[in-house]
Amino acid sequence: MKKITIRDIQKLKGSESPFATVTAYDFVSAQNADAVDFPLLLVGDSAAMVVYGMENTIPISMDELLFLVRAVCRGTKKALVVADMPFMSYQASVEDAIRNAGRFIKEGGAGAIKLEGGVPYTSQIRAIIDAGIPVMGHVGLLPQSYNLSSGYRIQGKSILEAEKIIEDAEAVQESGAFAVVLEGIPGDLAERITNLLDIPTIGIGAGPFCDGQIQVYHDILGLYGDFSPKHAKRYGNFGVEIQHKLAEYKNEVEEKTFPTKEHFINSNIHLEKTH
Ligand code: KIV
């Protein structure tokens with residue numbers, strides 16, 4: 001089976017039908033997503049919240065993400081696996097950026113990395129690409145800047161903010177990124193950026209006019225408690241479904257209706273009374 005490459009993703013720019021992508025965090029979610037033929041799977045730092053139960057994406061470490069990247073790569077035959085650079089794995093220096101991006105490729109098996117930020121991180125993006133690693137950008141709402149922006153707020157509602165996000169997106173493209181995530185910005189701004197850039201834009205909370213969309217696996221499947229961000233649509237309520245099924249199993253054990261004879265064997269050997 002042919003693996004999707006960054007060239008394949010770049011060819012999706014401007015397609016009449018937008019493409020969908022999703023996050024994945026383990027072997028099973030990767031297998032499920034790959035079976036549906038998503039071209040790209042992101043091992044997002046959103047794992048901090050939906051896998052590790054952290055309050056936001058800031059505390060997750062390289063190692064905590066690296067384990068998940070390995071599992072996702074094992075479960076993926078076709079899609080391009082993109083690993084998300086966690087907070088402080090690239091911000092402090094170009095050297096950190098190259099070394100940590102390299103770990104995701106060499107030790108994790110990912111095909112590309114993603115990092116948050118535009119103009120301030122062009123040196124990091126260029127250096128990672130110079131090391132032979134494809135980079136996906138991420139501009140607009142930057143969850144790793146949670147403290148600076150006082151929470152998760154839609155970005156680009158004023159002219160000044162909108163111009164800054166356009167500059168960031170252009171800088172990401174000029175630095176060589178193969179695609180860019182537009183998160184939490186007005187739909188008309190995302191449309192403008194999509195028309196300006198030659199690389200595919202992938203929106204989340206950025207309206208329908210991007211080249212593609214990305215969503216968090218747990219948000220669209222209803223696996224993350226009652227919380228549902230405004231940008232996500234729930235296509236299922238599998239968290240509740242799982243609880244019902246676990247309760248069914250528990251009741252059957254307590255009522256002695258499981259296990260039954262098809263679930264075990266007897267040896268039929270004669271054991272001495274002393275044993
Ligand atoms: O970490 C993540 O899941 C992301 C997506 C929201 C784009 O960065």
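Which residues have the most contacts inside the largest nonpolar core? The legends below take up this question first, using a predicted model.

**Figure 1. The largest nonpolar core has 56 residues.** Phe 104, Ile 113, Leu 115, Leu 182 and Ile 193 have the most contacts inside this core. Helix α4 gives the largest share, with seven residues. Another core lies apart from it and has 15 residues. Ile 4, Leu 40, Leu 80 and Phe 178 are among them. In soluble globular proteins, nonpolar side chains tend to be buried together.

**Figure 2. Leu 182 and its contacts.** Neighbours within four places in sequence are left aside here. Leu 182 then touches Val 139, Ala 190, Ile 193, Thr 194 and Thr 201, among others. Its contacts also include Ile 202, Gly 203, Ile 204, Ala 206 and Cys 210. Cys 210 is buried, at 5% relative accessibility. Cys 73 is buried too, with a relative accessible area of 16%. The structure holds zero disulfides.

**Figure 3. Gln 215 in strand β8.** The strand spans residues 212-215. Gln 215 counts as buried because its relative accessibility is 13%, and buried means under 20%. Beyond its neighbours within four places in sequence, Gln 215 contacts Thr 21, Val 22 and Thr 23. Ile 204, Ile 220, His 231, Ala 232 and Lys 233 are also in contact with Gln 215.

**Figure 4. A nonpolar patch on the surface.** Val 51, Tyr 52 and Phe 67 make this patch of about 280 Å². Phe 67 sits in helix α4, which covers residues 62-74. Its relative accessible area is 54%, so Phe 67 is exposed.

**Figure 5. A salt bridge between distant parts of the chain.** Lys 78 pairs with Asp 37, and the closest N and O atoms are 3.5 Å apart. Lys 78 lies in the loop between α4 and β3. Asp 37 lies in the loop between α2 and β2. The two are 41 residues apart. Lys 78 is partly exposed, at 26% relative accessible area.

**Figure 6. More salt bridges.** The whole structure has 11. Lys 2 bridges to Asp 8, with the closest N and O atoms 2.9 Å apart. Lys 2 is exposed, at 56% relative accessibility. Glu 254 and Lys 250 meet at 3.4 Å, N to O. These two are separated by about one helical turn, because they are four residues apart in helix α10. Glu 254 is exposed at 53%, whereas Lys 250 is partly exposed at 48%. Asp 63, Arg 70, Arg 103 and Glu 107 are linked in a salt-bridge network.

Notes: Residues are numbered from 1 along each chain as its sequence is written. This is a predicted model: local features need pLDDT of at least 70, side-chain atom pairs count only at pLDDT 80 or more; totals for chains, interfaces and linings use all residues. Side-chain values use heavy atoms; hydrogens and water are left out. A disulfide is a pair of cysteine sulfur atoms within 2.5 Å. Buried means under 20% relative accessible area, exposed over 50%, partly exposed in between (1.4 Å probe, protein chains only). Contact means heavy atoms within 4.5 Å. Patches are made of residues with over 30% relative accessible area and no salt bridge: like charges are joined within 9 Å, nonpolar side chains (Val, Leu, Ile, Met, Phe, Trp, Tyr) within 5 Å. Accessible areas come from the Shrake-Rupley method with a 1.4 Å probe; for residues, only the protein chains shown count as cover. A salt bridge is a side-chain nitrogen of Lys or Arg within 4 Å of a carboxyl oxygen of Asp or Glu. A nonpolar core is a set of buried Ala, Val, Leu, Ile, Met, Phe, Trp, Tyr and Cys residues joined through side-chain atoms within 4.5 Å.
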